[in-house]
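I opened my notebook to see how a few helices sit in this protein. Here is what I looked up, in the order I got to it.

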Amino acid sequence: MTPVILLISGLDPTGGAGIGADMRACSALKAYSMPVVSALTVQNQHGVSRVEPVATDIIIAQLDAVYEAVRPDAVKIGLVPEATLLGAITDFLGNKKQDNIVVDPVLSATRGGKLANTSHRPELYRRLSRIARLFTPNSAEADLIGFSPEFIKESGCSLLITGGDKNGNYSTDILYEQGSAPLLISSFRIQGHNMHGTGCILSSAIAVFLARRYPLPEACMAAKEFVSDSLKKANAFQTDIMPDYGPSLIS
Ligand code: PLP
């Protein structure tokens, strides 16, 4: 059966990151995706210059429409620029008893520019962690928000701290799950400039594999392999799309 994935994230007009990248990841993995846009952004390979949040009541009305149509098998939450919106989405998904929620707690863009307002984030993420399956911060986001082993103990939610933004020959993500030793998921670092949206496609791919009933460690490993393959293909095929910071997934 084709898994149905609800995506809640921002729109990048170049398609490199955000909900455009999420949708391409779902399509490449043969899942059906439903895009609820949380914000319009002005950005390209040089960075983000503006973020315009979509009104909370429109997002909630869209979520109502989606759930009236079909119940998603998994949800990926990416950029949510405002605290009130994040609180409303958490309440909505909690009331629906939605499972397989993957959260990429994106706050700023790799090439510069703030994407989200950070006020109340630790409390809001703690609330969201009670219904989410996994958060996927990079190490900077994890430090800023204060994600820690205590966070996992308190909430039961798992944490994948991604290492793609670091240096070295390997890119290593660390999965922290309650009751298990930390799991290191490593791959050869793919060199190249086509890195835009890597975090988006990783978290979307995990949502697809969870919807396919993979256990969490296998879902994270399969998603990392998908990202590595995408980066290799982007390097092989793409020579002149945004040459200094191109999209990590092109088909
Ligand atoms: N723009 C949007 C809408 C995003 O959701 C994200 C990441 O999740 C980014 C930009 C940042 O992507 P990157 O760090 O790859 O530039």
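**Helices and a patch**

I started just past H1, where Lys30 follows the helix with a positive phi, near 60 degrees. Worth noting for later: this is a predicted model.

Next I went back into H1 itself, residues 18–28. Which of its residues are buried? I found Gly18, Ile19, Ala21, Asp22, Ala25 and Cys26. They cover an arc of only 160 degrees around the axis, so they sit on the same side of H1. That fits a general rule: an α-helix has 3.6 residues a turn, so residues three or four places apart point the same way. Then I checked what covers these buried residues, and the list includes E1, E2, E4, H7 (198–211) and H8.

On to H3, residues 83–95. I tried the length sum: at 1.5 Å a residue, its 13 residues should span 18 Å, and the end C-alpha atoms are 18 Å apart, so the two agree. Among the buried residues of H3 are Leu85, Leu86, Ile89, Phe92 and Leu93. The buried residues of H3 pack against strands E1, E2, E4 and E5 plus helices H2 and H4. After H3 comes Lys97, and its phi is positive too, near 50 degrees.

Last stop was H8, residues 216–237, which contains Phe237. Is Phe237 buried or exposed? Its relative accessible area is 62%, and the cut-off for exposed is over 50%, so Phe237 counts as exposed. I also noted that Phe237 forms a nonpolar surface patch with Ile241 and Ile250, and together they have about 290 Å² of accessible area.

Key
Residues are numbered from 1 along each chain as its sequence is written. This is a predicted model: local features need pLDDT of at least 70, side-chain atom pairs count only at pLDDT 80 or more; totals for chains, interfaces and linings use all residues. Side-chain values use heavy atoms; hydrogens and water are left out. Patches are made of residues with over 30% relative accessible area and no salt bridge: like charges are joined within 9 Å, nonpolar side chains (Val, Leu, Ile, Met, Phe, Trp, Tyr) within 5 Å. Accessible areas come from the Shrake-Rupley method with a 1.4 Å probe; for residues, only the protein chains shown count as cover. A salt bridge is a side-chain nitrogen of Lys or Arg within 4 Å of a carboxyl oxygen of Asp or Glu. Helices (H or I, at least four residues) and strands (E, at least two) are DSSP runs, numbered from the N terminus. Buried means under 20% relative accessible area, exposed over 50%, partly exposed in between (1.4 Å probe, protein chains only). The expected span of a helix is 1.5 Å times one less than its number of residues. Contact means heavy atoms within 4.5 Å. The arc is that of the directions from the helix axis to the C-beta atoms.
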